[in-house]
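Colleague: Could you walk me through a few features of this model? I would love to see the reasoning behind each one.

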Amino acid sequence: MDAANLDVAVYGQVLRDLARVNRWTFTARPVLAFLARAVGDAREFSLLDVGFGHGDTLRAVARWAARRGIAAKLAGVDLNPASEDLARRATPEGMDISYATGDYADQPGPFDFIVSSQVAHHMSDAQLDRFVQHMEQTARRGWMIGDLHRHRFAYHGFPLLARVMGVHRIVREDGQLSIARSLRPGEWPDVLARAGLAPGTARVKRRFPFRIAVERTFGR
């Protein structure tokens, strides 16, 4: 799905199917759990979602904040220009989310929180190091990376789930590849150390099903 020449209509179907998979596998839950702790009693916050795809995580955050009476200023950035239009069209009228195409480092901030979901495994080691460093330097209250957990059961089980759901072939094949490219919990401390974070600065947690949440909170 990262291919530059992928037909826009096919890309749209892939994103919609991926959003369905995300709902079935509770992909937004780690982000919401992080925000529940990090936002605390605050009545407002701003957030940037890096690699928003179909925008489903941002919409889940918007609904979560609305139910709690919290004013959330939400923005997303994605490298694929097709994502911007697809996410906007999937977002209900009145749900105030700003979608943009481009690089996360170029987005006007600052933001209280920076999050990404299912994006880290698409990055090279150097790209992931820079991303962690950027979040550490620019987020005012914290950041969170949610990603897949490389696990044998998940790798062999995902194609079966994808077939049951009837998702596009690209989702089925890319999903298994993404699991193979993702990290295990014990590998994340090395990533954080490369980015310059002291041991224990960020928390690495396992989340059901076969997810990892890397969380960092601070006050500025």
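Colleague: Which residues of H3 are buried?

Modeller: Happy to help! This is a predicted model, where local features need pLDDT of at least 70, side-chain atom pairs count only at pLDDT 80 or more, and totals for chains, interfaces and linings use all residues. Residues are numbered from 1 along each chain as its sequence is written, and side-chain values use heavy atoms, leaving out hydrogens and water. With buried meaning under 20% relative accessible area (1.4 Å probe, protein chains only), the buried residues in H3 are Asp-56, Thr-57, Leu-58, Arg-59, Ala-60, Val-61, Ala-62, Trp-64 and Ala-65.

Colleague: How far apart are the end C-alpha atoms of H3?

Modeller: Helices here are DSSP runs of H or I with at least four residues, and strands are E runs of at least two, numbered from the N terminus. The expected span is 1.5 Å times one less than the number of residues. For the twelve residues of H3 (residues 56-67) that should give 16 Å, which agrees with the end C-alpha separation of 17 Å.

Colleague: Which residue with positive phi follows H3?

Modeller: Look just past the helix, where phi is near 70°. The residue that follows H3 is Gly-69.

Colleague: Is Ser-116 buried or exposed?

Modeller: Ser-116 sits in strand E4 (residues 113-117). Leaving aside residues up to four places away in sequence, Ser-116 touches Asp-49, Val-50, Phe-131, Met-144, Ile-145 and Gly-146, where contact means heavy atoms within 4.5 Å. Because its relative accessibility is 0%, Ser-116 counts as buried.

Conventions: Buried means under 20% relative accessible area, exposed over 50%, partly exposed in between (1.4 Å probe, protein chains only).
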